[in-house]
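Student: Could we go through this structure together, one question at a time? I'd like to see how you get to each answer.

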Amino acid sequence: MGRNKLARFKANEENRNVVQEGKEIFEKIKGNWNKEQFQNDHPIVVELACGRGEFTVGFARHYRERNFIGVDIKGSRIWKGSTIAISEGLENVAFLRTQIEHLDKFFSEGEISELWITFPDPRPRDGDEKKRLTSPRFLELYKPMIKKDGIINFKTDNTGLFDYTLELLKEREDIEILEFTHDFYSSEMRDEHHGIKTRYEAMFSAKGEKIKYLKFKFN
């Protein structure tokens, strides 16, 4: 392991805004994010597979009255967002280092007000369908954690994954699709995101890929 990674892992151990295994808060955070991490009662917004945290940190700058949590298993990635948030004094940002499959170990029923699934691995092979973050398996994982009328946002460049997700949601009676677009940056919704782009979004947009977006909720 390189020196840079070791230094980043060491920083994650010391940074208060990183919740990970080995820290006391890791075992007691479920149902206690507002009390233990943020010391306020603001709504909680969670980004899955947050990577370097561009989206989590970017939105936290605009919405100080909300708490933002980026979730990723890669410590060297979340180090970046964690460090930026600390340097800017963003007390409404935290990062959880865990596999998304284990999300229910860290959030209690109705604890999340809004969920973001941003540019996940499309898992294009049919045998990998259950690993897609918008598959029925994951939707059932998220459902208890989302507040009544809580919003789920999904953003991707991958047409196959987007169409799969859209058709899946249309078939479910417990889900209401609020809005969607196959070309986000030509839609009126683009201004709601304040120009914030993840690393992958910027990369795919630069290649001319259309960004797809949809917003839905559980009934």
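Student: Which residues touch the most other members of the largest nonpolar core?
Tutor: Keep in mind that this is a predicted model. Nonpolar side chains tend to be buried together in soluble globular proteins. The largest nonpolar core here has 39 residues. Those that touch the most other members are Trp33, Val46, Leu48, Ile69, Leu96, Phe107 and Tyr142.

Student: And which element gives this core its largest share?
Tutor: Look for the element that supplies six residues. That's the largest share of this core, and it comes from α6.

Student: What does Trp33 touch, not counting residues up to four places away in sequence?
Tutor: Leave out those sequence neighbours and list what remains. Trp33 then touches Val19, Phe38, Ile44, Ile69, Ala94, Leu96, Phe106, Phe107 and Glu111.

Student: How many residues are in the second, separate core?
Tutor: Find Phe55, Ile78, Phe119 and Ile211, which are among its members. The size of that second core is 22 residues.

Student: Back to helix α6: what does it reach from its first C-alpha to its last?
Tutor: Helix α6 covers residues 159–170, which is 12 residues. At 1.5 Å a residue, 16 Å is expected. The model comes close to that, with a reach of 16 Å.

Student: Which residue caps the N-terminal end of α6?
Tutor: Look for a side-chain oxygen 3.2 Å from the backbone nitrogen of Gly160. The residue it belongs to is Asn158.

Student: What do the buried residues of α6 pack against?
Tutor: Start with who is buried: Leu161, Phe162, Tyr164, Thr165, Leu166, Leu168 and Leu169. Residues three or four places apart in an α-helix point the same way, because there are 3.6 residues a turn. The buried residues of α6 pack against α5, β6, β7 and β8.

Student: Is Thr165 buried or exposed?
Tutor: Thr165 sits in helix α6. Buried means under 20% relative accessible area. Thr165 has 0% relative accessibility, so it counts as buried.

Student: Which side chain does the side chain of Thr165 join in a polar contact?
Tutor: Thr165's side chain also reaches the backbone oxygen of Leu161, at 2.8 Å. For the side-chain partner, follow the polar contact of 2.7 Å. It leads to Thr134.

Student: Leu168 is in α6 too, so what is its relative accessibility?
Tutor: Setting aside neighbours within four places in sequence, Leu168 is in contact with Thr134, Ser135, Pro136 and Leu139. Leu168 counts as buried because its relative accessibility is 14%.

Student: Now for strand β5: why is it largely enclosed by the rest of the structure?
Tutor: Go along residues 112–118 and check each one. The strand is largely enclosed because seven of its seven residues are buried.

Student: How many bridges pair β5 with β6?
Tutor: On one pairing, β2 runs parallel to β5 with four bridges, and Val45 has Glu114 as its bridge partner. β5 and β6 also pair in the parallel sense, with Leu115 opposite Ile152. The number of bridges between β5 and β6 is six.

Student: Which helix makes a right-handed β-α-β unit with β5 and β6?
Tutor: Take the helix at residues 136–142. Together with β5 and β6, it makes that unit, and its name is α5.

Student: Last one: where is Phe119?
Tutor: Phe119 has a positive phi near 50°, though it isn't a glycine. At 9% relative accessibility, it counts as buried. Its place is in the loop between β5 and α5.

Methods
Residues are numbered from 1 along each chain as its sequence is written. This is a predicted model: local features need pLDDT of at least 70, side-chain atom pairs count only at pLDDT 80 or more; totals for chains, interfaces and linings use all residues. Side-chain values use heavy atoms; hydrogens and water are left out. Buried means under 20% relative accessible area, exposed over 50%, partly exposed in between (1.4 Å probe, protein chains only). Helices (H or I, at least four residues) and strands (E, at least two) are DSSP runs, numbered from the N terminus. Two strands pair if DSSP finds at least two bridges between them. A crossover is right-handed if, with the strands pointing away from the viewer, the path from the first strand over the helix to the second runs clockwise. The expected span of a helix is 1.5 Å times one less than its number of residues. Contact means heavy atoms within 4.5 Å. A polar contact is a pair of N or O atoms within 3.5 Å; within protein, one must be able to donate a hydrogen and the other to accept it, and residues adjacent in sequence count only if both atoms are side-chain atoms. A nonpolar core is a set of buried Ala, Val, Leu, Ile, Met, Phe, Trp, Tyr and Cys residues joined through side-chain atoms within 4.5 Å.
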